[in-house]
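The paragraphs below walk through a protein model with its ligands, taking the binding sites one after the other. Please keep the structure open while reading.

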Amino acid sequence: MKQSRRQFLTSVSAMAATFAMPSFLVARKANAAQVNGQAAGNAFMNDWRLSGSHWGAFEARILNGRVEEIKAFGYDKNPTEMIQGIKGLIYSTARVRYPMVRLDWFKNRQHSDTTQRGDNRFVRVTWDQALDMFYEELERIQQNYGPWALQVGGGGWRSTGQLHSCVNNMIRAISMHGNFVSTAGDYSTGAGQIILPYVLGSTVVYANNTSWEIILKESENIIFWSTDPVKNLQVGWNCETHESFAWLKKLKQKIADKKVNVISVDPVVTKTQKFLECDHQYVNPQTDVPFMLAIAYVLYEEKLYDKKFLDMYTVGFEEFLPYLLGKTEDKVAKTPEWAEKICGIKADRIREFARMLAGKRTQLIFGWSIQRQQHGEQPYWMAAVLASMLGQIGLPGGGISYSHHYSSIGVPSSGAAMPGAFPLNLDPGQTPKYPSTDYKGYSSVIPIARATDCLLHPGETINYNGSKVTYSPYKMVIFSGCNQWHRQPERNKMKEAFRRLETIVSVNYSWTATCRFSDIVLPATTPYERNDIDAYGSYSNRGVIAMKQLIDPMYDARSDFDIFKGLCARFGKEKEYSRGLNEMQWLEFLYEGCRKENNAKGKAFEMPPFAEFWEKGYVLFPEGKPFTFMEDFRNDPELNALGTPSGFIEIYSRKIASYGYSHCKGHPMWFEKEERSHGGPKSNEYKFWMQSIHPNKRLHSQLCESAPLRETYTIQGREPLYINPKDAAALGIAQGDLVRVYNDRGQAIVGAHLSDDYPAGIVRLQEGAWYSPLDAKIGAIDTYGDPNTMTIDIPTSELAQAVSSNTCLVNVEKYQGKAPAPNGFTGPIVVDL
Ligand SMILES: Nc1nc2c(c(=O)[nH]1)N[C@H]1C(S)=C(S)[C@@H](COP(=O)(O)OP(=O)(O)OC[C@H]3O[C@@H](n4cnc5c(=O)[nH]c(N)nc54)[C@H](O)[C@@H]3O)O[C@H]1N2
Ligand SMILES: Nc1nc2c(c(=O)[nH]1)N[C@H]1C(S)=C(S)[C@@H](COP(=O)(O)OP(=O)(O)OC[C@H]3O[C@@H](n4cnc5c(=O)[nH]c(N)nc54)[C@H](O)[C@@H]3O)O[C@H]1N2
Ligand SMILES: [Mo]
C-alpha cells in the first residue's frame, strides 16, 4: 500500500511539471484575445490542463482554443473510456447555442397551444429577452397563483464542480424570488432510502460500507446481488478516482486461485461477472423476494439460522415466521418448491444455495436496480432479514451492503474535509421577494417520481411514507442539471401531462428532449468552459481537484452562476445571490474554507494556499482506515442502538404495519407485479421483460450526444436492444437489424444486438438513450430508443412512492419499411420570424 502511494506521487509530480505556467493565467490571456466569441487561440502548443468529471480526472490538450486530446489523470490507474467522449460532448451537434423560445409560446406566452410542445420549433432571442421573459413568468406565477404553482425540478446528475453546481445556482436564485413546490427522494434509491430507516435505522444506501480490504481478507462467500460494479463504478458523484478497481482486480485473482466463492445473482450475465470470471445464479426478473423467502425457509427448517443473533439484535422474527411457514391468511409455506415456480431456480438449488450461505463467512452485496421495480421496498427489507438470519451483520467480511457499486464505496474515507458548494439556500437574514408560503392546501413537497401524476390528478391526495401528499396542479416548472425527459418513466403520459403546463424553462448545454419540450431554453456552458473545484473521490475524500477552464464558452453559452445572477439582477437581488464575489473569488472562498478545516486536523491534511493549489491543480490525502459496517452495533447494541423505533433491526415494523398500506405491510412479503415475464401477469401478451439498467458508456443521458462515443455502440444509428440469439431467430431478427420495441405505452426503433448474456425472454435497453419522437403527437414512435418510452409510471408502493421502471414488459418485432432517421441530436428547428 505504502509503495503504491509513493509511486503515484512520483508519477503525478512528473505530470505536474508539464504545466508551464498557472493555467488560470493562460485562460485569462486566451479570454482577452477573444475575437467575435471565438477563442483566438493561445501560444502554448501543448497546453495540457487538468479538469475533472463524473468519469474521472483528466488532462486535456488545448490547441488554438480547442480541446484536441484527452488523457486520464496520472493518479487514475483504471480510467474509463467515457472520458474519451468529452470532446464529442463539447463539440456536439446537440449543443444549445443560443437562448431559444418555443415558437407558439413566443407568440402567445402562457396561452400557447401546448399540443405543439415537442414539435421542436423555436425562435432565437437575445439573453436580455430570454431572462426578461423568465423573470416575467416568475412574477406572473407568484402574483396570480402563489408558490403552489411553481415546481422547481429537483436536482439531477448535473456536472461535477462545487461552484457551478447548477442545481444549487438555480434553487438559490429562485428562492430569492419566491417559494415553490419542491421534490423529495430521488430516482436512484427511491424505495431503498425510505424502507431502510425502518429496518436498519438509517438510509444506508448513501453511506460508506465495509472496506474492500476487509472483504478481501475475510469473506468466504461474496454474493453480488443485482449489482454490476465493474460497469457502474466507472462514474462517481464527485470527480471519480476509480480506486475500487484495484480491489476488484485483487478479487479476480483470489477467484482464479479458488480462495473465495463469488456468485452474481442476476437475470443476465453482467460485466462484473465476466470481468471477475465468477459464478452466476440466474433468477427470473423481479422474483428475488420468493428466492430469498425460500432461502429463509431452508435456513429455518434446517436450523441453519443464527437464533442468537436474532434474539440479541433484531425484533419481529416471531411475527414474520408464520408468514414464512404459511400460517397466515395466504396459507402458503414459502418452500423452495413454492419459490421455484416463480423465480425459476430449482428447489434443490435453492436448498444448496441456503446451505452455502450459512456455512461460511458471507458478504451480501446488493445493487439498486431491484428496488427500482414495483414493490421495490420488499427485496431490500427481505435482504436485511436474510442477513440477520445468517447472523453475520457487523462481522468483518460478513453481513450486508447495498452500495458497493457506487462512487467507490468500500474505499474508506481519508477523513479530510472536502470543499463546500455554492449555497443552495438563502443566507441567514435574506428573504425572498415573495415570501408567501400559502400553498392553498396543496403539498409543498411531492415525491419526485410523482411529478407527472401531480399534473394529471390535481388536488388528489395520496399516501406517502406515513403521511399524506396533496398534488398541486403546478403551472410552471424549471429544469436545470437534470433531464426529465430521460429519467421519468412513460413518455406518452408525460406528453399529456406537460400539455397542462403554462411555462417550462430549461437550462442546459445540450439540446435534450427536456429542452425540446420546454418553452424557454437557456444555453449553459459545459464544465470545460469555466473554472471550478471538486472533491476527488466522493467517499474516499482522496483530495481536492481543480477543474480548469479548457476553452472559451461556446456560442452564447453562460455559466449557470452567471445565468442566475442575471435573473436575480432583474429583481434587485444580484448581489445577495452572488455575495458580490466572482468565479475565482468563489473558488478561493470555497477552497480556503476547506483548507482551514483540514489544516486544523493536522499534518496529513495540510493544504497549500489557494494560488499554489490552483497552479498545481490538486491536493491529495492519505488513505483512510478500513472499517466494517455495523461493527459498533454488533459490539454493543445498547450503546450503539440503531435509529429504528426499537433500536434493533426490525424484521417486523409496527410503524409500517400501523400505516395500513396494502403494498407494504409489517414485514417483507412477496407481492405479484402488475406485469412480469416468465409466466407472470401479462406475459402472454408481452414476451419480454425489458430491463433499463444504467448504461455502460454513458452517465444516464450524458454523453449520448457525444457522436464518436455513441458510434461505438449504436446500431444503424440507434440504441442497441440486447436480445438472446434464439429469441431473435424466432422473430426473424439478425444481428444489426432495426427492430420495433413496443407495448401499449409506447414504441421505439432500436437496433438488435444479439448476445448470449441475455437469457430467453429478457431484453436490455439502457436508460439515458435520448428520447427522439418522430413528432409531437402522443404515441409518436421514438426514433432512437429511450426505454422510458415504454416503461410504466407507477409507484413502488404507498410507502416510498418511488419509480418502478424495471417493471416493464414489451414485444419486439423486425422493423418493416424505411425507418425515419433518428432526430434527437441536431438541436431545435430554428424558425426565423
Ligand atoms: N428506465 C430507467 N430510467 C431511469 C433509471 C433507470 O434505471 N431506468 N435510472 C434513474 C436514475 S437512478 C437516475 S439518477 C436518473 C438520472 O436522471 P438525470 O439526473 O436527469 O440524468 P442525466 O442524464 O445525468 O441528466 C443531467 C442533465 O444535466 C445536464 N447538465 C450537466 N451539467 C450541467 C450544467 O453544468 N448546467 C446545466 N444547466 N445542466 C447541466 C446534462 O446535460 C443532462 O441533460 O435517471 C433515472 N431514470
Ligand atoms: N456506467 C454508469 N455507471 C453508473 C451510472 C450510469 O449512468 N452509467 N449511474 C449511476 C447511478 S445514478 C446509479 S443510481 C447507479 C445504479 O446502480 P444500479 O441500480 O445497481 O444499476 P443497474 O445498472 O440499473 O442494475 C444493476 C444490475 O441489476 C440487475 N437487475 C435488474 N433487475 C433485477 C432483478 O429483478 N433481480 C436481480 N437479481 N437483478 C436485477 C441488472 O441485470 C444489472 O446487472 O449506477 C451509477 N453508476
Ligand atoms: Mo441514480
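In this predicted model, ligand 1 lies between two domains, because domain 1 (100-185 + 417-620) and domain 3 (688-826) both contribute residues to its shell. That shell numbers 31 residues, and the closest of them are Ser 159, Asn 483, Asn 508, Ser 701 and Gln 702. Sorted by class, the residues around ligand 1 comprise 17 polar, eight nonpolar and six charged ones. Among secondary-structure elements, α19 (484-487) and β18 (503-508) each provide at least two residues of the shell.

Several polar contacts can be traced to nitrogen atoms of ligand 1. An N or O atom in the side chain of Ser 692 is 2.8 Å from a nitrogen atom of the ligand. For Ser 480, an N or O atom of the side chain is again involved, with 3.1 Å to a nitrogen atom of ligand 1. Arg 487 takes part through its backbone: an N or O atom there lies 3.0 Å from a nitrogen atom of ligand 1. On its own, ligand 1 would expose 920 Å², and the protein buries 98% of this area.

Turning to the second ligand, which residues come nearest to ligand 2? They are Lys 231, Asn 232, Asp 266, Asp 288 and Pro 695, out of 35 residues around ligand 2. The contacts listed here involve oxygen atoms of ligand 2. A polar side-chain atom of Asp 266 is 2.6 Å from an oxygen atom of this ligand. Gln 286 places a polar backbone atom 2.9 Å from an oxygen atom of ligand 2, and a polar backbone atom of His 700 is likewise 2.9 Å from an oxygen atom of the ligand. Taken alone, ligand 2 exposes 920 Å², of which the protein buries 100%.

The record adds a broader frame. An unreviewed UniProt entry annotates residues 95-569 as a domain, "Molybdopterin oxidoreductase". In the model, this span is 36% helix and 15% strand, and the C-alpha atoms at its two ends lie 26 Å apart.

A last stop is Ala 729, a residue of helix α29 (residues 725-730). Is Ala 729 buried or exposed? Its relative accessibility is 56%, so Ala 729 counts as exposed, the cut-off for that class being over 50%. Leu 754 is 25 residues from Ala 729 along the chain, and the C-alpha atoms of the two residues are separated by 9.5 Å.

Definitions and conventions: Residues are numbered from 1 along each chain as its sequence is written. Chains are lettered from A and ligands numbered from 1 in the order in which they are written. This is a predicted model: local features need pLDDT of at least 70, side-chain atom pairs count only at pLDDT 80 or more; totals for chains, interfaces and linings use all residues. Side-chain values use heavy atoms; hydrogens and water are left out. UniProt positions are given in the numbering used here, feature names are shortened, and annotations may be inferred rather than shown by experiment. Helices (H or I, at least four residues) and strands (E, at least two) are DSSP runs, numbered from the N terminus. A residue is near a molecule or strand if one of its heavy atoms lies within 4 Å of it. A polar contact is a pair of N or O atoms within 3.5 Å; within protein, one must be able to donate a hydrogen and the other to accept it, and residues adjacent in sequence count only if both atoms are side-chain atoms. Accessible areas come from the Shrake-Rupley method with a 1.4 Å probe; for residues, only the protein chains shown count as cover. Ala, Val, Leu, Ile, Met, Phe, Trp, Tyr, Cys and Pro count as nonpolar, Asp, Glu, Lys and Arg as charged, and the others, Gly among them, as polar. Domain bounds come from an automatic or database domain assignment. Buried means under 20% relative accessible area, exposed over 50%, partly exposed in between (1.4 Å probe, protein chains only).
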